[in-house]
Amino acid sequence: MLGGMADQGEPIRSYIQPADGRLGILMPGLGAVATTLIAGVEAVKKDLARPIGSLTQMGSIRLGKRTENRVPRIRDFVPLASLDDIVFGGWDVYADNVYEAACNARVLDQPLLDAVKPELEAIRPMTAVFDRTYVSNLDGSNVKQAAGKAALADAVAEDIRRFRSDNDCARIVVVWCASTEKYIERSAVHATLAAFEQGLRDDDPAISPSMIYAYAAIRMGIPFINGAPNLTCDIPALIELARETSTPIGGKDFKTGQTLMKTILAPGLQARALGIKGWFSSNILGNRDGFVLDHPDNFRTKEVSKLSVLKDILHPEQNPELYGDLCHKVSINYYPPHGDNKESWDNIDIFGWLGYPMQIKINFLCRDSILAAPVVLDLALFVDLAKRAGMTGIQEWLSFYFKSPQTAPGLRPEHDIFKQLVKLQNTLRHMMGEDLITHLGLDYYQDLVEAL
Ligand SMILES: NC(=O)c1ccc[n+]([C@@H]2O[C@H](COP(=O)([O-])OP(=O)(O)OC[C@H]3O[C@@H](n4cnc5c(N)ncnc54)[C@H](O)[C@@H]3O)[C@@H](O)[C@H]2O)c1
């Protein structure tokens, strides 16, 4: 194995399975993010809109030297599933079909939703694995009644098998788009697969619904991505299971909005050796996600995910003069009038030459699900590619998309979005047998200058 890739001594390109047949994208949680993704893909397929923000659909990648002028679209470079071959499905604690759920989410305009109404109405959520212990602000009735956590995992596996056969899918991926669960620390029941399976039989409270979905999928060799900050598959037991079943996994917490801005700006300030004394971040959010995060247990999970970012970019211990006193605060305020249109305020206290202070203020009027939908699409397509390329376990090259990237034990996550992009692009080049790009260029630069 080479960094989670099967090392067969030949370019990965030569043994990537083709993206033939239909790809089922199953999502626990058919709320604002999932319905914005589904409606968006259906609208793109009808040529009603463009998939802006999706690297797989709109992004390109440079190959070889700058002088070669080879810059294909990513989707033309690596063998990804086509949007026409995608079938969506999922689970939710509310029984609304995807059209109803998308209307309730109030992210997309009604004329756009109506243009894809039949496609959306056809998708009805399967009954959820749900327990209010983990998300106390919700109370739906579309919930499985199986006796115990082991039986619930079997029921999810049965759902997946049925969906695959009813929709004639060649492959399935699962992406967690459900609410953020309450904060859970890693404990003994998460430490090994044997302990976890015993915990399922014992209904251990440290096993949350998201872990049950993840276990069911990974046991079947189905790639699993976690878009919320819950632990979910970021526990040794499920990493072990992913290794045993040769399954790619990834998480946690889609990187959108304020954290996206942070991981764009902080590396820039650090690159110029500017100091940062404080970073105060507040958010006003009025959708169901904001309602769930209004509960302190659920906010704690999000807070841990959001707070780790700056330390991991700035490394205060390596540069105490610039970042040793950094004060980083994050808050989320549930404010219904804003709906899905999140407003974030950042006040950044920086200092420059001779310690002179300066301030940066950012007021980002974003749309949470508009930023998240293309991230879900890219993750689903890339993790399906990873599976077909024989890449197993934690897919760190997908860190680009996460607020709190899952890494191999003992490794610090990389949060700098530019390093994350280089890693993602180099992974694609490596898969396809292209030279990795170091941006050195000295090998051909001098020839170019002399030729002038
Ligand atoms: N929108 C973003 O920018 C963004 C960014 C990072 C992470 N996230 C995370 O993505 C997730 C989805 O966000 P959203 O805005 O769509 O939230 P949402 O509240 O609109 O949708 C979540 C859905 O999950 C359902 N649900 C809850 N528990 C479930 C379970 N156990 N099984 C099945 N369904 C369940 C809820 O009923 C709800 O419909 C949240 O965890 C959020 O924190 C969103």
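These legends accompany several close-up views of a predicted model.

**Figure 1. The open sheet and its order of strands.** Let us start with the sheet, where seven strands line up in the order 3-2-1-4-5-6-11 with parallel pairing. The sheet is open, and its edges are strand 3 (126-127) and strand 11 (393-394), each of which pairs on one side only. Strand 2 and strand 3 are joined in the parallel sense by two bridges. One residue to look for here is Trp91, whose bridge partner in strand 3 is Met126. Trp91 will return in a later view.

**Figure 2. Strand 4 between strand 1 and strand 5.** How many bridges join strand 1 to strand 4? There are five, and strand 1 (residues 22-28) runs parallel to strand 4. Within this pairing, Arg22 has Cys169 of strand 4 as its bridge partner. Strand 4 also runs parallel to strand 5 (residues 224-226), and these two are joined by three bridges. Here Val175 is matched with Ile225 in strand 5. Strand 4 (residues 169-176) has seven of its eight residues buried, so the rest of the structure largely encloses it.

**Figure 3. Asp20, ahead of strand 1.** This view moves to the segment before strand 1, where Asp20 is found. Is Asp20 buried or exposed? Its relative accessibility is 53%, so Asp20 counts as exposed. Asp20 and Ala170 are separated by 150 residues in sequence, yet their C-alpha atoms are 7.4 Å apart in space.

**Figure 4. Two cysteines without a bond.** A disulfide is a covalent bond between the sulfur atoms of two cysteines. This structure holds zero disulfides. For Cys169, the closest cysteine sulfur belongs to Cys177 and lies 17 Å away, which is too far for a bond. Cys169 itself is buried, having a relative accessible area of 10%. What is the closest cysteine sulfur to that of Cys177? It is the one in Cys233, at 13 Å, again too far for a bond. Cys177 is buried too, with a relative accessible area of 13%.

**Figure 5. Aromatic pairs that meet helix 9.** The model has seven aromatic pairs. One of them is formed by Trp91 and Tyr213, which meet edge-to-face with 5.2 Å from centre to centre and 65° between the planes. Because Trp91 belongs to strand 2 (residues 86-92) and Tyr213 to helix 9 (residues 209-219), this pair ties together parts that are 122 residues apart in sequence. Both partners are buried, Trp91 as well as Tyr213. A second pair to find is that of Phe196 and Tyr215: the ring centres are 5.6 Å apart and the planes are at 40°, so the arrangement is tilted. Phe196 sits in helix 8 (residues 193-201) and Tyr215 in helix 9, and the pair links these distant parts of the chain across 19 residues. Phe196 and Tyr215 are both buried.

**Figure 6. An aromatic cluster, and charges over rings.** Four residues, Phe382, Trp397, Phe400 and Tyr401, form one aromatic cluster. Elsewhere, rings have a charged neighbour. The ring of Tyr134 has the charged end of Lys182 sitting over it, 5.9 Å from the ring centre. In a similar view, the charged end of Lys277 sits over the ring of Phe351, at 5.8 Å from its centre.

**Figure 7. Residues around the ligand.** There are 31 residues around the ligand. Which of them come nearest? They are Asp92, Val129, Ala178, Thr256 and Arg288. The view also shows backbone atoms beside ligand oxygens. For Val33, a polar backbone atom is 2.8 Å from an oxygen atom of the ligand. For Ser179, the distance from a polar backbone atom to a ligand oxygen is 3.4 Å. For Asp368, a backbone N or O atom lies 3.2 Å from an oxygen atom of the ligand.

**Figure 8. Gln406 in its loop.** We finish in the loop between strand 11 and helix 16 (417-431), which holds Gln406. With a relative accessibility of 2%, Gln406 counts as buried. What does the side chain of Gln406 make a polar contact with? The partner is the side chain of Asp234, at 3.5 Å.

Key: Residues numbered from 1 in each chain as written. Predicted model: local features only at pLDDT ≥ 70, side-chain atom pairs only at ≥ 80, totals over all residues. Heavy atoms only, no water. Phe/Tyr/Trp six-rings, centres within 6.5 Å; stacked < 30°, edge-to-face > 60°. Helix = DSSP H or I, 4+ residues; strand = E, 2+ residues; numbered from the N terminus. Buried < 20%, exposed > 50% of the residue type's maximum accessible area, 1.4 Å probe, protein only. Lys NZ or Arg CZ within 6 Å of the ring centre and 35° of its normal. Pairing = 2+ DSSP bridges. Disulfide = S-S within 2.5 Å. Near = heavy atom within 4 Å. Polar contact = N/O pair within 3.5 Å; in protein donor to acceptor, adjacent residues only side chain to side chain.
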